[in-house]
Amino acid sequence: MMSRECPLCQTAARAVFYACSAEPVHSTLLMPSREEALCFPRAPISLALCDHCGFIWNQDFQPGRHRYSVDCEESQGHSPLFTAWLEDLVARLVSRYALRDKTVLEIGCGKGEFLVALCAAGGNRGTGYDPAYVTDRVPLADTTALSFKPEFWQESCGLHDAEVIVCRHTLEHIPDVGAFIRSIRRAIGEQRETLLFFEVPDMLRVLEEGAFQDIYYEHCSYFSADSLAYLFRREGFEVLDLELDFHGQYLCLVAKPVPVPKVEPVPVGTSEIAGSVSRFTEQVADLTGLWRQRLQAYSAEGKSVVLWGGGSKAAAFLNRLDSAGAVQWVIDINPHKHHAFIPGAGQEVFGPESLLSQPADVIIIMNAVYRPEIQEWLNSRGLSPELLALGEQP
């Protein structure tokens, strides 16, 4: 169990503001059978807010319960919308920070899409660490410029002479965030020109939208812009840029090392996130109540209901809401997820083409930003189900 002290600044936390009794400990691990999915281990989530720095974490998180491996399928690279955004992000980083002919280290590289794109766009060299990396998943334009290590990065691995350190959607999986950023700072040492790019989900959006589907066990650490910036400044970095990206859902931070401050910086204000926290539980209760009523009505009417998006959001939605089994299956365009089963809930994942032989009456999209892409796919095939999306009014 995590400490009751804030993992970022070691201040005692206030009371837990949001709790889930038993959630699957993995949401992206591919389940080979419905039976294994239904029997998958569960654990509680208890989110607490640090009044000092605004950091949020799961006090019930237990390290070591996960099985990060090639059986984890987190890639979003099969979506044209996501791929276009990723390519644009890479182009902006290369242009803004002159990331050309650099040596890049990516901590938590997933299947390697971002590192491959960054190296190709700037003529860079790269090394990626991730136990979920799958050899030959992503085509490599120049195999001599890239190497991947299917393991966790730790300080003893070194930085491979990196001039750029990338870490995307990994920090939220790390329980002791302060210690992790300190380990990177120690590894950098006196190399003052090293550039860091970190990307995490924006917790303030989650709180303001009551986005219960974005709370799951794998994510033990949650950041607002203020707490993310405070973490890096506290551990000896200057924040060069910090902005929202991907339709306001991700925080993107760029930083460089400076001498570690002798005096701890003044904490940022936490009133905004504290206000959102105070409203979150009520918002979630209202939203989940509405979704349960809707699912029950569909079930009573005999309508076939499917989810579109077979990742973490689907696991959270199904495990918290679908006790009646109204959702019959899940759609995902990533072929590596097909015929796997959602942890804890047990629905099978199929490709979109399954809708041609077995049309659905209702499709619930797990992320509203993909609605135009999904609507276009359905229109092109003459399908017209009722289409709803999380993040929009149910």
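**Strand 13 and a helix crossing**

In strand 14, V349 serves as the bridge partner of V330. The model in which this pairing appears is a predicted one. Strand 14 covers residues 349-350, and two bridges connect it with strand 13 in a parallel arrangement.

Strand 13 also pairs with strand 12, which spans residues 305-308. These two strands run in the parallel sense as well, and four bridges link them. Within this pairing, W308 finds its bridge partner in I331 of strand 13. Strand 13 thus has bridges to strand 12 and to strand 14.

The surroundings of strand 13 may be considered next. The strand comprises residues 327-331, and four of its five residues are buried, meaning under 20% relative accessible area. Strand 13 is therefore largely enclosed by the rest of the structure.

Attention now turns to a pair of helices. Helix 2 (residues 80-97) and helix 3 (residues 113-122) have axes that come within 10 Å and cross at roughly 45°. Because of this angle, helix 2 is oblique to helix 3. The crossing of helix 2 past helix 3 is right-handed. On the side of helix 2, the contact is formed by L86, L89, V90, L93 and V94. Helix 3 contributes E113, F114, A117, L118, A121 and G122. By character, the residues of this contact between helix 2 and helix 3 comprise nine nonpolar, one polar and one charged. The charged residue is E113 and the polar one is G122.

Conventions
Residues are numbered from 1 along each chain as its sequence is written. This is a predicted model: local features need pLDDT of at least 70, side-chain atom pairs count only at pLDDT 80 or more; totals for chains, interfaces and linings use all residues. Side-chain values use heavy atoms; hydrogens and water are left out. Buried means under 20% relative accessible area, exposed over 50%, partly exposed in between (1.4 Å probe, protein chains only). Two strands pair if DSSP finds at least two bridges between them. Axes are lines fitted to C-alpha atoms, for helices over the stretch in contact, and angles run from 0 to 180 degrees between N-to-C directions. Angles under 35 degrees count as roughly parallel, over 145 as roughly antiparallel, 65 to 115 as roughly perpendicular and the rest as oblique. A crossing is left-handed if the near helix is turned anticlockwise from the far one by less than a right angle, and right-handed if clockwise. Contact means heavy atoms within 4.5 Å.
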